Amino acid sequence: VQLQASGGGSVQPGGSLRLSCAPSGRSFSSATIGWFRQAPGKEREFVTAVNWGGGSTYNADSVKGRFTISRDNAKNTVYLQMNSLKPEDTAVYYCAAGVSYYSGSYYYTCPADFGSWGQGTLVTVSS
């Protein structure tokens, strides 16, 4: 099963976009879902994640207060609402599935902890 991200585009600084993530086939209602991004010449970095029930989320410091992750298991879709976008948010955004959300002492934020990567969606923030 691969997860497909969609909804990217070009937006001016301060603008908003909403990305969607859906699996190609099977349901992912039991999985933790994470969003990652990769800017040109940089490593893939963690953005945010939501646990299987949708009640717990964890954000990278760089997006706190601006990005919100949510999920609708009935629609088999996870969303990333991005507000107050900055040029440094420009990247290809990917969603992926993880087995766990929190180890008990740390949150899972490493790309190696997630799988089912699909094609990402490009977000460009520029004036």
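**Salt bridges and a hairpin**

Let's start with one contact: D89 and R37 form a salt bridge through their side chains, with N and O 2.9 Å apart. Keep in mind that this is a predicted model.

Where do the two residues sit? D89 is in the loop between β8 and β9, and β9 covers 91–98. R37 is in strand β4, residues 32–38. So the pair ties together parts that are 52 residues apart in sequence.

Now, is D89 buried or exposed? Its relative accessibility is 1%. Buried means under 20%, so D89 counts as buried. R37 comes out at 6%, so R37 is buried by that cut-off as well.

D89 has another partner. The side chain of D89 also meets that of R66 in a salt bridge, at 2.7 Å from N to O. R66 lies in the loop between β6, residues 57–59, and β7. D89, again, is in the loop between β8 and β9, so this pair links parts 23 residues apart in sequence. Both D89 and R66 are buried.

Back to R37. R37 forms a salt bridge with E45 too. The closest N and O atoms there are 2.6 Å apart. How accessible is E45? E45 has a relative accessible area of 37%. That value falls between 20% and 50%, so E45 is partly exposed.

Put these contacts together. R37, E45, R66 and D89 are linked in a network of salt bridges. For the whole model, the count comes to four salt bridges.

Next, the strands. Take β7, residues 67–72. Which way do the side chains point? They alternate. F67, I69 and R71 point to one face, and they are buried. T68, S70 and D72 point to the other face, and they are not buried. As a general rule, side chains in a regular strand alternate between the two faces of the sheet.

What does β7 pair with? Its partner is β8, residues 77–82. The two strands run antiparallel, and six bridges join them. Within this pair, R71 stands opposite V78 in β8.

Finally, the turn. β7 and β8 form a hairpin, with four residues between the strands. One residue to look at here is N76. N76 takes a positive phi, near 55°.

To recap: a network of salt bridges links R37, E45, R66 and D89, and β7 runs antiparallel to β8.

Key:
Residues numbered from 1 in each chain as written. Predicted model: local features only at pLDDT ≥ 70, side-chain atom pairs only at ≥ 80, totals over all residues. Heavy atoms only, no water. Buried < 20%, exposed > 50% of the residue type's maximum accessible area, 1.4 Å probe, protein only. Pairing = 2+ DSSP bridges.
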